[in-house]
Amino acid sequence: GQIIGGYEAKPHSRPYMAYLRVEHDKKIFQCGGFLVKRKFVLTAAHCQGDNINVTLGAQNIKQQEPSQQVIPVRRQIPHPEFNQKTLKNDIMLLQLQDKGHRTKYVGLISLPPAQQRVDPKSRCSVAGWGQTSATNKQISETLQEADVVVMPRRKRGGPWRYYNATTMMCVGDPEEGRSPFQGDSGGPLVCGKEAQGIVSWGSKDGTPPAVYTRVSPFRPWIQETMDKV
């Protein structure tokens with residue numbers, strides 16, 4: 001999705017952000033992601049495609065900024081138990097063809113320890129290049145961000161019947177109206193200095209709360225996968 005109710009991020013204040021250009025069935029769509037190792041980007045499993053190019057160090061994705069590093073994805077590694085229907089285990093590692101060069105524009109973000117929980121009412125932030133409005137299909141050219149609050153699960157029925165608190169987080173206060181939207185999928189939920197969540201899914205009109213994949217339960221899988229590759 002894209003950030004609704006957000007504002008433009010200070011240029012290069014999030015050096016871990018990755019912009020994903022995904023080709024799938026001869027169509028092109030975008031996702032977000034974040035650099036967790038010089039050769040690995042973490043994103044959502046539903047961002048899989050036939051071909052993915054990752055741009056690091058970007059502020060404006062419509063311009064060829066000198067800070068940008070465009071690197072093709074060598075291997076897409078979705079979680080083996082990802083479920084397309086329920087979006088359970090919506091997490092994927094991307095192995096890049098080349099290492100991202102660390103500069104003042106490109107850097108890593110830390111991941112939380114295994115099974116660490118984020119308390120409801122915690123203030124976190126989300127960022128992406130997605131749509132800024134449910135009515136305007138235009139994506140944002142510049143990186144947008146928003147402060148969001150971790151919520152207890154409230155909604156029931158519909159897609160929420162698949163909500164699983166073990167591996168998912170409910171984030172965004174309906175009264176504040178800030179939420180990721182189309183094009184923001186795969187981007188990080190940053191709490192403190194750690195990526196605690198991954199933008200996964202939400203309501204069709206962009207009304208918060210949205211659902212994020214919790215990162216901490218997958219720490220062992222992330223580490224094992226990177227080590228193996």
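User: Before we look at His 79, what makes something a polar contact here?

Analyst: Happy to start there! A polar contact is a pair of N or O atoms within 3.5 Å, where within protein one must be able to donate a hydrogen and the other to accept it. Keep in mind that this is a predicted model. In it, a polar atom of the His 79 side chain sits 3.0 Å from the backbone nitrogen of Glu 81, and the limit for such a pair is 3.5 Å.

User: Why is His 79 called buried or exposed?

Analyst: Buried means under 20% relative accessible area. His 79 has 11% relative accessibility, so His 79 counts as buried. As for its place in the chain, His 79 belongs to the loop between strand S6 (69-78) and strand S7 (92-96).

User: Which residues is His 79 in contact with, leaving aside neighbours within four places in sequence?

Analyst: Those are Asn 89, Ile 91, Phe 218 and Trp 221; contact requires heavy atoms within 4.5 Å.

User: How do you know that domain 1 and domain 2 touch?

Analyst: By that contact cut-off of 4.5 Å, 31 residues of domain 1 meet 34 residues of domain 2. Together the two domains bury about 2500 Å², with 66% of it on carbon and sulfur atoms.

User: What does the rule find across this interface for salt bridges, and how many residue pairs are in polar contact?

Analyst: For salt bridges, the rule finds 0 between domain 1 and domain 2. For polar contacts, it finds 16 residue pairs. On the domain 1 side, strand S3 (27-37) is one of the contributing elements, and S3 gives the most, with 6 residues. By class, that side has 17 nonpolar, 9 polar and 5 charged residues.

Key
Residues numbered from 1 in each chain as written. Predicted model: local features only at pLDDT ≥ 70, side-chain atom pairs only at ≥ 80, totals over all residues. Heavy atoms only, no water. Buried area = accessible area lost by both parts, 1.4 Å probe. Salt bridge = Lys/Arg side-chain N within 4 Å of Asp/Glu carboxyl O. Helix = DSSP H or I, 4+ residues; strand = E, 2+ residues; numbered from the N terminus. Nonpolar A, V, L, I, M, F, W, Y, C, P; charged D, E, K, R; others polar. Buried < 20%, exposed > 50% of the residue type's maximum accessible area, 1.4 Å probe, protein only.
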